[in-house]
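Q: Could you take a close look at one part of this model for me, the charged pairs and the metal site, and set that part in its wider surroundings? I would enjoy a connected walk through it.

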Amino acid sequence: MGAVFWKELADHLGSRRFFLLSLIILVVAGTSVYLGIQGFQQNPGAAQDFPYLRLFTTAPGALPSFLSFLAFFGPLLAVLLGFDAVNSEFTRGTVSRVLAQPIYRDAWINGKFLAGLATLGIVVVSIVLLIFGLGLFALGFPPDGPELARLGVFLVVALLYLGFWLALGILYSVLFRSTASSALAAVATWLFFTLFLYMIAGVVADQVVPVRADSPAEAWLRHENLRDFILRFSPVALFEEATLPILVPSYRGLSLLALLMQPGVPTNPLPLGQSLLVGWPQLVGLLALTSVCFAAAYLVFMRREIRTS
Amino acid sequence: MIVEAKGLKKEYRGVRALDGLDLAIAEGEIYGLLGPNGSGKTTTILILLGLTEPTAGAVRVCGHDPVREPLAVKRLVGYMPEKVGFYEELSAVENLRYITRLNGIPEGEARRRIAEALEQVGLREVAHRPVATFSHGMRQRLGLADVLVKRPKLAILDEPTSGIDPEGAAQILDLIRRLRDEAGMTVLLSSHLLHQVQRVCDRVGILHRGRMVAEGRVAELTASGGYLARVGRASPRLRARLEAEDWALAVEEVGPGELALTLAEDGRPALLRFVAEEGGVVLELRPKQPTLEEIYLRYFRE
Ligand SMILES: Nc1ncnc2c1ncn2[C@@H]1O[C@H](COP(=O)(O)OP(=O)(O)OP(=O)(O)O)[C@@H](O)[C@H]1O
Ligand SMILES: [Mg+2]
């Protein structure tokens, strides 16, 4: 499997596709963080608790935070690394040559998956390091222990999330014979989960629990809960819910509305373990989704005939 | 027997690709699997390699079962697919390097084997060029090098000469023969051109609709087709005399004063005598070698 891993990793890192997408992520992430730092300089009070974590979750003005940005664009990078992993080997006619060598088919797929994951890891880690660098430059002091621990956990969760999308891309590359179809399916899925599901959730919630500005608070809450429930089917929402408690230490898994309705809920930061518990179900959900994609890709590929004509 | 298959059957949703095929190849043999398009050559090869599973039947390759021990088989067998593909942006050497790594061959040894294999197939000068710049013939030869770096006990080559000019094909076949003679490699190659591969194959098997319709040495299969002759300056009298004989199976006028005839083997002396007596000339007299097509047809009639 090592041979497959190193070859695929070299392919990824040298590909134009990877270069362009990481460039986009880098530029936008850099900009939003840069603006965040400017916000600190105008309002030094905001830099009091967990300033480094804030760099990841808040952004001034209309720009999305780094977190939402990663939740939105990260999948595109991941899914594009995987969508032609297997079917392009069929169209190039390399698959029968490679699988006539003494390696198992699952080792081949695993090597491809791990190489993709390593590539994503390199991107995410270098962006986080870049943000650290910018922060150090602007704030003048390094992140403290709890912040580093939380960022470490965040990195692992982010990789798990991107790993899901990579596994989905690889699944499509096994299911579809042509790379054009698998690319289309991959981008469609991405759009569905990042955009359409949010719209659908809103529309359904409006239909089932109609609310107006003067509706009672309970109606609003039910409306919100229904919407959140539908969104739980999206890995994007799962990721955001799983990472918010990690990056926002005072977050307790309640919406702003719920907080308003239940005065007296403390807003002081939770310890890391407690924060993890808040996002635990979402984490397990993400892991399950990734495993399902992977298992499906295995099942389809293991017994497929390796014929290139 | 390095390859042994009994009663192989393969069905694709109602299409019967193999229909009870038996195959046995001895060590050190060059065996040609012949047959028209769609006769089941590639399917047989995929089953031998464990790249597809037979619907029924038993297979052993180098003493292992490709379905249950695919890795043991793949360690010993080199395979060149019919549409051989490479990583286009990598060079010839890099493509081969990937294969040696997948086989766990140590780097130093791998470098030596790759250089040697590229030398053998005549690709040394282009070793570091990306495969994207290779012609079809060069790719085909690189496919052969890909098999060679593995030093397999058995090489399975699916249409190694397809789409290659006659001279290139002859070179490839000579190389295959040399490898067998020098390295003791067993070779199974498929083709639909009997005349091209008959020179190198010790034995051939002819497939049709998933069945072995004939098997044996090339000479045995192509023998007993009678003789063909062409006669010039033939007078009408000569023609009449020839047509009266039993051994002249067919007489045909192909040009002014020129006859083409098919004759049985025992008619040769008489033909020469008749032609001399009537003032004609024998332009050509050769054994009639049946084409692959004729062999198929002959075996179907039986
Ligand atoms: N995936 C498939 N689905 C259905 N039928 C198939 C499939 N693959 C092959 N066949 C059928 O199996 C039969 C044998 O095909 P095979 O590829 O073994 O022939 P071949 O002898 O290699 O032909 P060629 O000389 O064209 O390479 C053909 O009739 C073909 O249509
Ligand atoms: Mg074929």
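A: Let's settle one term before we start: a residue is called buried under 20% relative accessible area, exposed over 50%, and partly exposed in between. Please also keep in mind that this is a predicted model.

With that scale in hand, take Arg177(B): its relative accessibility is 28%, so Arg177(B) counts as partly exposed. Its salt-bridge partner is Asp202(B), and the closest N and O atoms of the two are 3.9 Å apart. That distance qualifies because the limit for a salt bridge is 4 Å. Asp202(B), at 18% relative accessibility, falls on the buried side of the scale. Arg177(B) belongs to helix H6 (residues 166-183) of chain B, while Asp202(B) sits in the loop between helix H7 (194-197) and strand E8 (203-208) of chain B, so this pair ties together parts that are 25 residues apart in sequence.

Another pair to look at is Arg180(B) with Asp181(B), whose side chains meet in a salt bridge of 2.9 Å, N to O. Arg180(B) counts as buried, at 13% relative accessibility.

Now move to helix H4 (residues 107-120) of chain B, which holds both Glu109(B) and Arg112(B), three residues apart, or about one turn of the helix. Their side chains form a salt bridge of 3.1 Å, N to O. Glu109(B) is partly exposed, with a relative accessible area of 22%, whereas Arg112(B) is exposed, at 56%. This pair is part of a network of salt bridges that links Glu109(B), Arg112(B), Arg113(B), Glu116(B) and Arg151(B). Over all chains, the count comes to 34 salt bridges.

The metal site is also in chain B. The magnesium ion (ligand 2) has two protein donors, Thr42(B) through OG1 and Glu82(B) through OE, lying 1.9 to 2.6 Å from it. These donors link distant parts of the chain, 40 residues apart: Thr42(B) is in helix H1 (residues 41-48) of chain B, and Glu82(B) is in the loop between strand E5 (77-80) and helix H3 (92-102) of chain B. Thr42(B) is buried, with a relative accessible area of 12%, while Glu82(B) is partly exposed, at 23%.

Stepping back to the whole of chain B, you will find eleven helices and 13 strands. Buried residues make up 52% of its 302 residues. Among the contacts in chain B with a separation of 6 or more, 67% join residues 24 or more positions apart. The C-alpha atoms of chain B fill a box of roughly 75 × 45 × 35 Å along the principal axes. For a sense of that span, the C-alpha atoms of Ala240(B) and Ser91(B) are separated by 68 Å. Ala240(B) lies in helix H9 (residues 236-243) of chain B.

Finally, a word on the nonpolar interior. The largest nonpolar core has 113 residues, and those with the most contacts inside it include Trp108(A), Phe301(A) and Ile156(B). Helix H8 (residues 145-175) of chain A gives the largest share of this core, 16 residues. A second, separate core of 47 residues includes Val187(B), Val197(B), Cys201(B) and Ile295(B). Back in the large core, Trp108(A) touches residues of both chains, among them Val4(A), Phe301(A) and Tyr98(B).

Technical notes
Residues numbered from 1 in each chain as written. Chains lettered and ligands numbered in written order. Predicted model: local features only at pLDDT ≥ 70, side-chain atom pairs only at ≥ 80, totals over all residues. Heavy atoms only, no water. Core = buried A, V, L, I, M, F, W, Y, C linked by side-chain atoms within 4.5 Å. Buried < 20%, exposed > 50% of the residue type's maximum accessible area, 1.4 Å probe, protein only. Helix = DSSP H or I, 4+ residues; strand = E, 2+ residues; numbered from the N terminus. Contact = heavy atoms within 4.5 Å. Donors = N, O, S within 2.8 Å, 3.2 Å for Na, K, Ca; no water. Lists of a residue's contacts leave out its neighbours within four places in sequence.
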